[in-house]
Amino acid sequence: MKILADENMPYVQELFGDLGTIETVNGRELTPEQVKDADVLLVRSVTQVNGSLLSLNNQLKFVGSATIGTDHIDTDYLASRDIPFSNAPGCNATAVGEFAFIAMLELTHRFGGKLKDKTVGIVGAGNTGSAVAKCLQAYGVTVLLHDPVIQDSDPRDFVSLDELIARCDVISLHVPITKTGEHKTWYLFDEARLNSLKQGTWLLNCCRGEVIDNRALIKVKQERPDIKLVLDVWEDEPNPMHELIPLVELATPHIAGYSLEGKARGTYMLYQKLMQVLGRDADKSMMALLPSLWSAQLDIESIPNEKSLLQLARFIYDLRDDDELFRKTILDDSSKNAQVNSSNNNGFDFMRKNHKHRREFSALRLVNTGHSDVNWLTNLGFSGIGQ
Ligand SMILES: NC(=O)c1ccc[n+]([C@@H]2O[C@H](COP(=O)([O-])OP(=O)(O)OC[C@H]3O[C@@H](n4cnc5c(N)ncnc54)[C@H](O)[C@@H]3O)[C@@H](O)[C@H]2O)c1
Ligand SMILES: O=C(O)[C@H](O)[C@H](O)COP(=O)(O)O
């Protein structure tokens, strides 16, 4: 069996190695010729899987995408050819939740005030939106949810988008990209909606770039510096509008979901699905792939203020490093960029490919050595305390 896998998918050899021959490829540049004799195709979000890519292949038994989003997959086409498909729902939701939470702590530290005093609106209350809400609620932040698709069948409370915008100090976007239908999300935040943000709103986008009209965002942000932005995703990736980057407070190249655990979960979910398709037992364990804990343990006496919480979060993941590298990689030093571009086509993809996967909060075991209540850190995701 020939398994063709994106070169940026970890643990493929460990999980699929005994099923056949593995060939790794640059997913963004994959051609029909390369796919021609594959039995299994494992992709990430950068590969458009459609009739054109699969036009020379008559033997494909499975397509898997180690991602939450499926907007790069022509699922109707795969169904028309009876090719089983699976994505990896929720695989990197914890990573996105922690990324957005840390970004909010960073903004609070930079611009003053307390995150705990803010009201945060989540647009799209599925896996990633709920993961952000979980972190915020563990810390005691007020959260409002907007999700017209599930609001009638979900027991949580929901508000309209207008109410969310009017009441929230921070808005975090977690919707799939959809171009049609009653609840389409393409340019959900167009110029009019961006202008309706209340004074001083922080807007985070960790879902898909095209949920915000980026050209309109440049215009609005130039007129309204009170709005603060965290963008992990961009219109027209891997070529974000250069004029937008300096206007963004925290800018990263679509890596909100890039935790080691999130990537491992993505590959593992595809392994489980393929074994099911092949009618075989999935006898490998995902936990065996991961280094057990990133740090044996950290003694915590108290979290006296938000700065201490930020320091603890930075110990796991210092988002400022990715922001700094992103600006340098994309904007600075054209000669360096030329080198990057020649070997890897694009600085955006270069940074994603070479991203050192961070760990999730759960990789750090905390021990409560004081008398104050720090047990809520377990609800935030850390291991140890209260267990
Ligand atoms: N930046 C990253 O690294 C990263 C990582 C994971 C996922 N993503 C993106 O984030 C998206 C969301 O991921 P998820 O796991 O939360 O997906 P999900 O399917 O679990 O949740 C999405 C939610 O959005 C809701 N929704 C749909 N249209 C809406 C609208 N118009 N208004 C409000 N809510 C709407 C859906 O009902 C659903 O509950 C993915 O589709 C993917 O594109 C990005
Ligand atoms: O949809 C997803 O799961 C995310 O956008 C994912 O993090 C994208 O990462 P990629 O597949 O491009 O490596």
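A polar contact, as I use the term in this notebook, is a pair of N or O atoms within 3.5 Å. I note at the outset that the model I am reading is predicted.

**Entry on ligand 2**

I began with ligand 2, where I looked up Arg44 and found that a polar atom of its side chain lies 2.5 Å from an oxygen atom of the ligand. I then turned to Tyr258, whose side chain has an N or O atom 2.5 Å from an oxygen atom of ligand 2. For Arg352 I noted a polar side-chain atom at 2.9 Å from an oxygen atom of ligand 2. Taken alone ligand 2 exposes 350 Å², and I recorded that the protein buries 94% of that area.

I listed the surroundings of ligand 2 as Arg44, Ser45, Thr67, Ile68, Gly69, Asn92, Arg208, His254, Tyr258 and Arg352. When I sorted the residues of this shell by character, I had 2 nonpolar, 5 polar and 3 charged.

**Entry on ligand 1**

I next went to ligand 1, which has 28 residues around it, and I wrote down Asn127, Thr128, Asp147, His183 and Asp232 as the closest. By character, the shell around ligand 1 divides into 12 nonpolar, 13 polar and 3 charged residues. I also asked which element gives the most to this shell, and found helix α5, residues 127-139, with 3 residues.

For the individual contacts of ligand 1 I looked at both backbone and side-chain atoms. In Asp232 an N or O atom of the side chain is 2.9 Å from a nitrogen atom of ligand 1, while in Cys206 a polar backbone atom is 3.0 Å from a nitrogen atom of the ligand. At Gly126 I found a backbone N or O atom 3.5 Å from an oxygen atom of ligand 1. Taken alone ligand 1 exposes 850 Å², of which I recorded 89% as buried by the protein.

**Entry on salt bridges**

I then left the ligands and looked up the salt bridges, of which the structure holds 21. I examined the one between Asp349 and Arg28, in which the closest N and O atoms are 2.5 Å apart. Asp349 lies in helix α13 (residues 347-353) and Arg28 in the loop between β2 (21-25) and α2 (32-35), so I read this pair as tying together parts that are 321 residues apart in sequence. I checked the exposure of both partners: Asp349 has a relative accessible area of 16% and is therefore buried, whereas Arg28, at 31%, is partly exposed.

The next pair I looked up was Glu106 and Arg314, whose side chains meet in a salt bridge with an N to O distance of 2.9 Å. Glu106 belongs to helix α4 (residues 93-111) and Arg314 to helix α10 (residues 306-316), so this pair ties together parts that are 208 residues apart in sequence. I noted that both Glu106 and Arg314 are buried.

I also looked at Arg156, which forms a salt bridge with Asp154, the closest N and O atoms being 3.0 Å apart. Arg156 is partly exposed, and I wrote down its relative accessible area as 32%. To close the entry, I recorded a network in which salt bridges that share partners join Lys2, Glu23 and Asp37.

Key: Residues are numbered from 1 along each chain as its sequence is written. Chains are lettered from A and ligands numbered from 1 in the order in which they are written. This is a predicted model: local features need pLDDT of at least 70, side-chain atom pairs count only at pLDDT 80 or more; totals for chains, interfaces and linings use all residues. Side-chain values use heavy atoms; hydrogens and water are left out. A residue is near a molecule or strand if one of its heavy atoms lies within 4 Å of it. A polar contact is a pair of N or O atoms within 3.5 Å; within protein, one must be able to donate a hydrogen and the other to accept it, and residues adjacent in sequence count only if both atoms are side-chain atoms. Accessible areas come from the Shrake-Rupley method with a 1.4 Å probe; for residues, only the protein chains shown count as cover. Helices (H or I, at least four residues) and strands (E, at least two) are DSSP runs, numbered from the N terminus. Ala, Val, Leu, Ile, Met, Phe, Trp, Tyr, Cys and Pro count as nonpolar, Asp, Glu, Lys and Arg as charged, and the others, Gly among them, as polar. A salt bridge is a side-chain nitrogen of Lys or Arg within 4 Å of a carboxyl oxygen of Asp or Glu. Buried means under 20% relative accessible area, exposed over 50%, partly exposed in between (1.4 Å probe, protein chains only).
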